[in-house]
Amino acid sequence: MGMKKKSRSVLSGVHFLSGDLACAEGAIAAGCRFFGGYPITPATEIAERMARRMPEVEGIYVQMEDEIGAIAAVIGASYAGKKAMTATSGPGFSLMQENIGLAVMTEAPLVIVDIMRGGPSTGQPTMPGQQDVMQAKWGSHGDYEIIALTPSSVQEMFDLTIECFNLSEIYRVPVMLLADEIIGHMWERVEIPPAKEIATINRKKPDVSPNEYLPFKPDQNLVPPMACFGEGYHFHATGLTHDETGTPKTVSIEEQSKLVKRLCEKIRKNVDKIVKVEEVMLEDADVAVLAYGITSRAALSAVRKARSIGIKAGLLRLITIWPFPEKLVANIAQQVQAIIVPEMNCGQLVREVERAAKTTAVSLLSKLGEDPHRPIEIVKALRKVTK
Amino acid sequence: MRVEVRFAGFGGQGIIRSGLILSMAACIFSDKNAVQTQSYGPESRGGSCKSEVVISDGEIDFPRVYEPDILVIMSQEAYSRHVKNPKKGAIILVDPNMVAERNDPNNAKIYEIPATEIAGKMGKKIIANVVMLGALTEISHIVDPEAMKNAILQNVPKGTEDLNMAAFEKGAEYGRNVSMQRSAKTLS
């Protein structure tokens, strides 16, 4: 063992991969050594790759009885000190929601990949959608914050999966990679850098002895250092409201307020550090397209076409959709006459855009089914609002 | 320069694999960018299926194909659905034995490639897609034969390399012949 196995964890070099496969490789490069899953189109290829790759890197792949079990196993693995992940699609994501709440409450760092297909229910298994955007944020009950990233290329399926792990380790929160079926199943060139060039972050460990350790006492960043089971720190983790020792506090007004606010604040206070976007030709733009995932590729093509016919259009591509980059969108809204939001749903993230844009006109371009917006459809919309 | 290619047929014909091979030939074994996307039904095998490839010297923003420069048609349903309004001058390869009813548009260049029959004669119908790739390479010159062959070898099961190379050559030969016939016709 040793060197040979280690060298298999980062497959440095140029590859031609699908989004799903690149995601699995990103996870392994980030240090993921546990995958708990249940196969579902269009995320099955991630499970397949992990089933083959985990044994090569001394990791564990467990196929569970369903998605409820899958996320439960991932929470357990996270508490046992592993970087852990699951991958699913809409119907499985629905089943996971209850335990996503448990992961939020117990502050288990983990990554959930949702390759979005057409919903609701079993919907269209092999077709793309962006219909789980609100579910990612609000799917479990109670107040909480999570982080969700949206890749728009196969390279980003690799890069952002690593980013998901890093963010989950920093903030002790479930982090979601929300990709659509097209990005998951698309094949493209991917460059996997040398292992030493990949920045990976590990959860902060306690710097006190087991006797002094308070498992839910936050640091300055509002995140508690995490001892893992088996490391000699004995404590209780629960879905019930708890104090800094981890003891349930089921009637205390003070503890409920303190805990729930901290779970939200640890993300809200760090929005500027978390949020990533790509701005294209926005400097002098009169009109902006805001898009994410596959629709952002149509939007990029549309913005270029619009520029070629004299429309000063720009693109704001969201890489982070949760927490929503409200400030950034508000700033751009002040500069442009209108914002166009193409989404492969009946209008989800557009509501957040409207909220941030205040008086600036925001219009939704909705699309359902097999294909994303054609660039020309977005160009037409740009023409209309700039007339 | 952006070239758009669509393969269409039914699940099980190697439609998606064909797109993958072409895009790898362009991206890994030539000096180009390529993206492959796909669309199929939940039944996977037997249902209608398409695979789209965009090849470019530069960055590829939008990965889907709406006006293919090259179409490869391997079923009746694919023909009926995708050959209606082709781009002017598009190259269309049709497996004539898989498409009974045709109404060929006159603004495109149609090539009949009996890939399934050729593959059947070689003892394995399943390699019809590789025969088609051979013909496609010779007719369109979209990638070099060497690049295509390397990409095929990366995508076929161990032990079937010789058979697949033979299928490629048969298709390439057929493609060369129909190409020459067409240019002869144009000259005369």
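Select B:Lys50 and B:Glu52 to start: their side chains meet in a salt bridge, 3.4 Å from N to O. A salt bridge here is a side-chain nitrogen of Lys or Arg within 4 Å of a carboxyl oxygen of Asp or Glu. B:Lys50 is buried at 8% relative accessibility, and B:Glu52 is buried at 1%. Buried means under 20% relative accessible area, exposed over 50%, and partly exposed in between, with a 1.4 Å probe and protein chains only.

The model is predicted: local features need pLDDT of at least 70, side-chain atom pairs count only at pLDDT 80 or more, and totals for chains, interfaces and linings use all residues. Residues are numbered from 1 along each chain as its sequence is written, chains are lettered from A and ligands numbered from 1 in the order in which they are written, and side-chain values use heavy atoms, with hydrogens and water left out.

Stay in chain B and select B:Asp69 and B:Lys87, a salt bridge with the closest N and O atoms 2.7 Å apart. The two residues are 18 apart in sequence: B:Asp69 is in the loop between strands S3 (48–56) and S4 (70–73), and B:Lys87 is in the loop between helix H2 (76–82) and strand S5 (91–94). Helices (H or I, at least four residues) and strands (E, at least two) are DSSP runs, numbered from the N terminus. B:Lys87 is partly exposed, at 33%.

Next, show both chains. Contact, meaning heavy atoms within 4.5 Å, involves 24 residues of chain B and 26 residues of chain A. About 2,100 Å² is buried between the chains, 58% of it on carbon and sulfur atoms; buried area is the accessible area (1.4 Å probe) that two parts lose on being put together, summed over both. Five salt bridges are counted between chain B and chain A. For one between the two chains, select A:Glu370 and B:Arg81, which meet at 3.4 Å, N to O. On the side of chain B that touches chain A, the elements giving two or more residues are helix H1 (15–27) and strand S2 (33–40) of chain B. S2(B) gives the most, with eight residues.

Move to chain A and select strand S12, residues 313–318. All six of its six residues are buried, so S12(A) is largely enclosed by the rest of the structure. A:Ala313, A:Leu315 and A:Arg317 lie on one side, and A:Gly314, A:Leu316 and A:Leu318 on the other. Add strand S10 (277–280) of chain A, which pairs with S12(A) in the antiparallel sense over four bridges; strands pair if DSSP finds at least two bridges between them. A:Val277 stands opposite A:Leu318. Then add strand S11 (287–291) of chain A, which runs parallel to S12(A) and is joined to it by five bridges. A:Val289 stands opposite A:Leu315.

Now select A:Thr320, in strand S13 (320–322) of chain A. A:Thr320 is buried, at 0% relative accessibility. A polar atom of the A:Thr320 side chain lies 2.7 Å from the backbone nitrogen of A:Lys276.

Finish on A:Lys276. Its side chain meets that of A:Glu163 in a salt bridge of 3.5 Å, N to O. The partners are 113 residues apart, with A:Glu163 in helix H7 (154–171) and A:Lys276 in the loop between helix H10 (271–274) and S10 of chain A. A:Lys276 is partly exposed, at 38%.

Note on methods. A polar contact is a pair of N or O atoms within 3.5 Å; within protein, one must be able to donate a hydrogen and the other to accept it, and residues adjacent in sequence count only if both atoms are side-chain atoms.
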